Amino acid sequence: MTSPARRLVQNVGWLALSPLLRVLVGIPLAGLVAHRLGVAGYGELNLALAFAALFGVAANVGLNETFLRAAAQDAAAGARAWPSVLATKLGLLAAYLAALALLALALGHSGRMVALVVLMGVCTGGLSLENTSLALFSARQRMKPVAAVGAVKFVTEVAVTVAVLLAGATALGLTVSRAIVTGLAVLAGIVLARRLLGARLAVPSAAAVRPLLVAGLSFAAITTLWPIQARAGVLMLGHVHGLEAVALFSAAMLPVERLFSFFPAIQDACFPLFSALGRDDTARFPSALAKSLRYQALLAAGLGLGVSLAGPWALRVVFPPGLHAAGAVLEILGLAVGLRALGVLLTTATLARGLERAVVKATALQCAVTVAAAAALVGPLGAVGLGWATVVCEATGVGALAWVLWRRGLIGARPLASLAAPAAAGVALFLGFTQVPSGRDGLLVPLAFAASYPVVLVLSRALSRDDLGYVRALLAGQGRARSS
C-alpha cells in the first residue's frame with residue numbers, strides 16, 4: 001500500500017471527526033430546535049438560511065479554492081498571501097452583508113426576517129474567513145488541527161444552542177448566538193495558524209491576492225451556481241406552499257445535509273493529493289482516480305440505502321408529529337446522497353486538474369435542470385416534488401462530470417462500469433424493503449436490510465477478498481498513524 005493512500009485515509013479520518021459529531025448530535029439538536037421554535041419558527045430559520053446561502057459566493061468569490069490550491073503547491077507563498085486573503089475577505093464580507101440587507105428589504109421581507117438573513121450571512125461569510133486560516137494546514141496535509149477546530153466549534157455551538165433555547169430564545173436569538181460562535185472560530189483559526197505554523201499577519205498586498213482573484217472567478221461561477229441549485233427550490237417552495245412546507249423539506253434534508261458535511265472531508269483530503277500530481281503525469285492520476293472512484297461508489301450506494309431505509313424512522317423519533325411526513329421525502333433523498341458522494345469525488349478530480357471551466361459548465365447545466373425540475377414539480381407535489389428535483393440535479397452533475405473526465409482521457413470505461421454493481425445492490429435491497437408487509441416503521445427491519453448491503457456485494461462479487469484486504473490495510477495504517 002502506498003504512502004499517499006495511507007495519508008489520504010488518515011486525512012479523511014481526521015476531517016470526518018466534526019461531521020461525525022454533527023450527525024450524532026446535530027440531528028437530535030435540530031429536533032430540539034423544531035420543538036422549541038415550532039413548525040413555523042423552524043421554517044423561518046431555514047428560509048433565512050436559504051436566502052443567505054443563495055448569495056454566499058459574494059463573501060468568497062472563489063478565494064477558498066484558489067488559495068488552498070496555491071498553498072498546496074507552494075506552502076511558503078501561501079503563508080505570505082494569507083494576510084492579504086484575510087483582508088480581502090473581510091471587505092467582501094462587509095459588501096455581502098450590505099447586499100443581503102438591501103435585497104431582503106427590496107423583496108418586502110419584515111425587519112425581523114431582514115435581521116435573520118443578515119445574521120445568517122455573518123455565519124456564512126465567517127465560515128469563509130475561518131477556512132482561509134485552516135487552508136494553511138490542509139495544504140500541508142496536517143488535518144488534525146483542522147479537525148480540532150471543527151469539533152470544538154461544534155461542541156460550543158451545541159452548548160450555546162441548548163442554553164439559548166432553554167432560556168426561551170426565538171429564531172432571532174438563536175441566530176445571534178451562532179454568529180458569535182462563528183466569530184470566535186475565525187479568531188481561533190488565526191491564532192492556530194500563527195502559533196503552529198508561524199504564519200505572520202502583515203500589511204495586505206493587492207499583488208499577492210490579485211492572481212488568486214483572477215483564477216477564482218471560475219470557482220466563483222461554480223460557487224454561485226451551487227447555492228442556486230441547493231436553495232432556489234426552497235425559496236420556490238416557501239413562495240408556493242408557505243413556511244410549513246419549507247419546514248417539512250428542511251426536516252427531510254437535515255440528515256442528508258449532515259451526511260453531505262462528510263463529503264468536504266473527502267474533498268479536502270483528495271484535492272491536495274490530486275493537485276500534487278502534475279498535469280503532465282498522465283499515468284498516476286487516472287490510476288488514482290479509478291481506485292478512488294471504485295471505493296467511493298461502494299460507500300455512496302451504502303450511504304444512500306441507509307438514508308432511505310433508516311432515515312424516516314429517525315425523523316419520527318426526533319421531530320414533532322407535524323413534521324413526520326418528511327419521511328416520504330427522505331426516502332427519495334437517499335438517491336441524492338449516493339449521487340452526491342460520487343459527484344464530490346468527480347468534482348474534486350476535475351478541479352485538481354485545473355478544469356474549472358468544465359466544472360462551471362457542468363454546474364450551470366445542473367442549475368438549469370434543477371430550477372426547471374423544481375418549477376415543474378414543486379407546485380403539484382410540494383416537498384416531495386422538490387425531493388425528486390434534488391435527485392435529478394445530482395444525477396445531472398455526476399453524468400456531466402463523468403463525461404468531461406472521460407473525454408479528457410482521465411477516466412476509462414471500466415471504472416465507470418464499476419458503478420453499476422453497488423447501485424444495483426442498493427436498489428434491489430430498497431425494493432425488497434418496500435415489499436415487507438410489516439415492521440418498516442420500526443428500526444430493526446430497516447437496519448437488517450441496510451446490514452445486508454455488504455453481504456450482497458460479496459455474494460455478487462462486486463466486493464472481492466482483495467478489496468477487503470486493501471481496506472483493512474488502509475485502516476490498519478490509519479490506526480498506526482493515529483497512535484503514533
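Select helix α9 (243–260) first. In this predicted model, α9 contributes 4 residues to the lining of the second largest cavity, the most of any element. Now add α2 (17–54) and α8 (206–241) to the selection, for each of these helices also gives two or more residues to that lining.

**The second largest cavity**

To display the lining itself, select Asn46, Leu49, Arg231, Val234, Phe249, Ser250, Met253 and Glu257. The space that these residues enclose amounts to about 70 Å³. By class, the lining holds 4 nonpolar, 2 polar and 2 charged residues. The count of cavities of 30 Å³ or more comes to 2.

**Phe249 and the nonpolar cores**

Keep Phe249 selected, since this residue lines the cavity just described and also belongs to the largest nonpolar core. Which residues does phenylalanine 249 contact beyond its neighbours within four places in sequence? Select Val234, Leu237, Val329, Leu333, Ala383, Leu386, Gly387 and Thr390 to see them. Among these partners, Val234 is also part of the lining of the second largest cavity.

Next, add Tyr42 and Phe319 to Phe249: within the largest nonpolar core, which has 82 residues, these three touch the most other members. A separate, second core of 23 residues can then be located by selecting some of its members, including Leu293, Ala297, Leu342 and Val404.

**Helix α12 and valine 344**

Move to helix α12, residues 326–352, and pick out valine 344 within it. Is valine 344 buried or exposed? Its relative accessible area is 12%, under the 20% limit, and valine 344 therefore counts as buried. Then draw a distance from the C-alpha atom of valine 344 to that of phenylalanine 260; the separation is 9.5 Å, although the two residues lie 84 residues apart along the chain.

**The second largest pocket**

Keep α12 in view and select α11 (284–318) and α16 (420–434) beside it; each of the three helices supplies at least two residues of the lining of the second largest pocket. The space in this pocket is about 500 Å³. To find its centre, select Gly334, Leu335, Ala423, Gly426 and Val427, the closest to that point of the 22 lining residues. Which element gives the most to this lining? It is α12, with 8 residues. The lining as a whole consists of 16 nonpolar, 5 polar and 1 charged residues.

**Threonine 161 in helix α6**

Now select helix α6, residues 143–166, and within it threonine 161. With a relative accessibility of 1%, threonine 161 is classed as buried. Show the side chain of threonine 161 and the backbone oxygen of glutamate 157: the side chain reaches that oxygen at 2.7 Å. Next add Leu29, Val33, Leu174 and Arg178, the residues in contact with threonine 161 once its neighbours within four places in sequence are left aside.

**The whole chain**

Finally, clear the selection and colour the protein chain by secondary structure, which comprises 18 helices and 0 strands. Colouring by accessibility shows a chain of 484 residues, of which 51% are buried. Of the contacts between residues at least 6 apart in sequence, 85% join residues at least 24 apart.

Technical notes. Residues are numbered from 1 along each chain as its sequence is written. This is a predicted model: local features need pLDDT of at least 70, side-chain atom pairs count only at pLDDT 80 or more; totals for chains, interfaces and linings use all residues. Side-chain values use heavy atoms; hydrogens and water are left out. A nonpolar core is a set of buried Ala, Val, Leu, Ile, Met, Phe, Trp, Tyr and Cys residues joined through side-chain atoms within 4.5 Å. Buried means under 20% relative accessible area, exposed over 50%, partly exposed in between (1.4 Å probe, protein chains only). Contact means heavy atoms within 4.5 Å. On a 1 Å grid over the protein atoms alone, a cavity is a set of points where a 1.4 Å probe fits but cannot get out, and a pocket is an open set with protein on both sides within 12 Å along at least five of seven lines; lining residues have an atom within 4 Å of a point. Grid points are joined across faces, edges and corners, and a volume is the space filled by probe spheres set on the points. Ala, Val, Leu, Ile, Met, Phe, Trp, Tyr, Cys and Pro count as nonpolar, Asp, Glu, Lys and Arg as charged, and the others, Gly among them, as polar. A polar contact is a pair of N or O atoms within 3.5 Å; within protein, one must be able to donate a hydrogen and the other to accept it, and residues adjacent in sequence count only if both atoms are side-chain atoms.
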